[in-house]
Amino acid sequence: MKKIKFPKKETWQSLLQRPTKQVADIEQTVLEIFNEIKLKGDLAVNKYTKLFDGVEFENLKVVEKDLNKAKISEELKQAIQLAKGNIERFHDAQRTSKVAIETMKGVVCWQEKRPIQKVGLYIPGGTAPLFSTILMLAIPAKLAGCKEIILCTPPDKNGNINPAILYTAKLCGVTKIFKIGGIQAIGAMTFGTKTIPQVSKIFGPGNQFVTVAKQIATKYGVAIDMPAGPSELLVYADDTAKASFIASDLLSQAEHGIDSQVILVTTSEKMMISVEAEILKQLEKLPRKEIAAKAIENSKLILVDTEDEAIELINEYAPEHYILVSKNEDYFLDNIANAGSVFIGNYTPESAGDYASGTNHTLPTNGFAKQYSGVNLDSFLKSITFQKISEKGIQNIGKSIELMAEAEGLQAHKNAVTLRLKSLE
Ligand code: NAD
């Protein structure tokens, strides 16, 4: 793990670079696959499933019989149900009520939310079957009232979907599940095929191929939740933190994928040294040691002079996950401007938000926390505005509209008001 002491500001940009490939590196492949899916539909989806996942299917859809067959332990079922309850409670509490106001006498405007009708959920499954992501996406989709909720997830080498994915999907009420992953899944949901429905918005994290494909899908009129790529974690810890806890958090994100990145920022050299030693110790015992070790190569321990410098650096990085353990907790909380989700204190591991505390784990990565929010109830809703103007109302605002329309040279706009005003004379 690279140790960087007191980096100069001019070096921050290169220091904070992510190990992920950029859109341009993958764009050409995505465009080729998308074009083929547009032309050949299921045939192309099958071709790429064979190429990238090594399996071929007669039917890309999971059938009811397979859904019912999915067996997982009672203990795991209960854990999933506990998480479901917390995630439901937190997301249900995010509902906002109708906003209505009479902007001037006789002019009533209001805003109401309506669900996006057709949504597609991408559940990563390449290196780990992320059934927890189903909870994070299907629960708010259901609460929002989306009519059609489809799910795509890559098959394993034998063409199967992990039973925990099937169980969780069924528990959350998702019944249209397709055994496809990567670029071909995003392409299929963007254009629709004979088997896979086209959707209006695609949700969910994934590796860099999935993330770039989602970004390109927007060029074809599909909305996306956000670019949610390889996981990242930045921890700020001072001497009040427990080094073994911090190391376990950093490793928890490092084990996601070789392109994950974890960073420790600290004002304490002692903490930096202790965390590094703990990481090496704990890494040895991890089953996904090889993946985590590769990600650790991309990762950094950064020692800074002051807390001001620390928060400036954190905001510049805009981490997906931000763990904060400091005696000056309030200072760091008040001044955080860019982060996907924040975890506070020694007893708030990032894993809690990944699974069960209630917050959503589909979050902006790669610096996108500067302008995107993580998935929440509103991600599945649209705000529609309404207005109703009375006779008195049109008399109150009519003249202004006429003047503005005329100034813009839009005579038909003006006429739409003039006719009404005349009818009231
Ligand atoms: P994945 O489902 O995202 O990707 C697997 C698919 O990638 C395969 O089906 C295959 O089609 C495609 N693929 C693999 N190699 C390819 C290649 N060379 N060319 C084209 N396509 C290729 O699963 P994964 O790979 O395990 O990645 C999951 C990712 O999700 C991790 O990077 C993890 O960090 C990230 N994640 C992010 C969040 C978040 O909120 N940002 C949350 C959870 C997970």
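These are my notebook entries on a predicted model, covering its overall build, its ligand site, its cysteines and a few single residues.

**Ground rules.** I number residues from 1 along each chain as its sequence is written, and side-chain values use heavy atoms, with hydrogens and water left out. Since the model is predicted, local features need pLDDT of at least 70 and side-chain atom pairs count only at pLDDT 80 or more, while totals for chains, interfaces and linings use all residues.

**Overall build.** I started with the whole chain. I find 17 helices and 14 strands; these are DSSP runs numbered from the N terminus, with helices being H or I of at least four residues and strands E of at least two. Taken along the principal axes, the C-alpha atoms fill a box of roughly 85 × 60 × 45 Å. Of the 425 residues in the chain, 50% are buried. My cut-offs there are under 20% relative accessible area for buried, over 50% for exposed, and partly exposed in between (1.4 Å probe, protein chains only).

**Ligand site.** Which residues come nearest to the ligand? I get Asp53, Tyr122, Thr127, Asn207 and Ser231, out of 29 residues around the ligand. To be near, a residue must have a heavy atom within 4 Å of the molecule.

I then looked at the composition of that shell. The shell divides into eleven nonpolar, 15 polar and three charged residues. For the record, Ala, Val, Leu, Ile, Met, Phe, Trp, Tyr, Cys and Pro count as nonpolar, Asp, Glu, Lys and Arg as charged, and the others, Gly among them, as polar.

Helices α3 (42–53), α8 (182–191) and α9 (208–217) each supply at least two shell residues. Domain 1 (2–20 + 229–358) and domain 2 (23–228) each give the shell at least three residues; the bounds come from an automatic or database domain assignment.

Next, the polar contacts, meaning pairs of N or O atoms within 3.5 Å (within protein, one must be able to donate a hydrogen and the other to accept it, and residues adjacent in sequence count only if both atoms are side-chain atoms). A ligand oxygen is 2.8 Å from a side-chain N or O atom of Asp53. At Gly125 the partner is a polar backbone atom, 3.0 Å from a ligand oxygen. Gly206 also offers a polar backbone atom, 3.5 Å from an oxygen of the ligand. How much of the ligand does the protein bury? Taken alone the ligand exposes 880 Å², and the protein buries 86% of that. Those areas are Shrake-Rupley values with a 1.4 Å probe; for residues, only the protein chains shown count as cover.

**Cysteines.** I counted zero disulfides, a disulfide being a pair of cysteine sulfur atoms within 2.5 Å. Why does Cys172 have no bond? Its closest cysteine sulfur, in Cys146, is 13 Å away, so it is too far for a bond. Cys172 is buried at 6% relative accessible area, whereas Cys109 is partly exposed at 24%.

**Odd phi angles.** Phe6 is not a glycine, yet its phi is positive, about 45°. Phe6 sits in the loop between β1 (2–5) and α1 (12–15), partly exposed at 44%. Ala318 also has a positive phi without being a glycine, about 55°. The loop between α13 (307–317) and β12 (321–325) holds Ala318. Buried or exposed? Ala318 is buried, with a relative accessible area of 0%.

**Ile389.** Last look: Ile389 belongs to strand β14 (residues 381–389) and is partly exposed at 33%. Ile389 and Pro287 are 102 residues apart in sequence and 66 Å apart in space, C-alpha to C-alpha.
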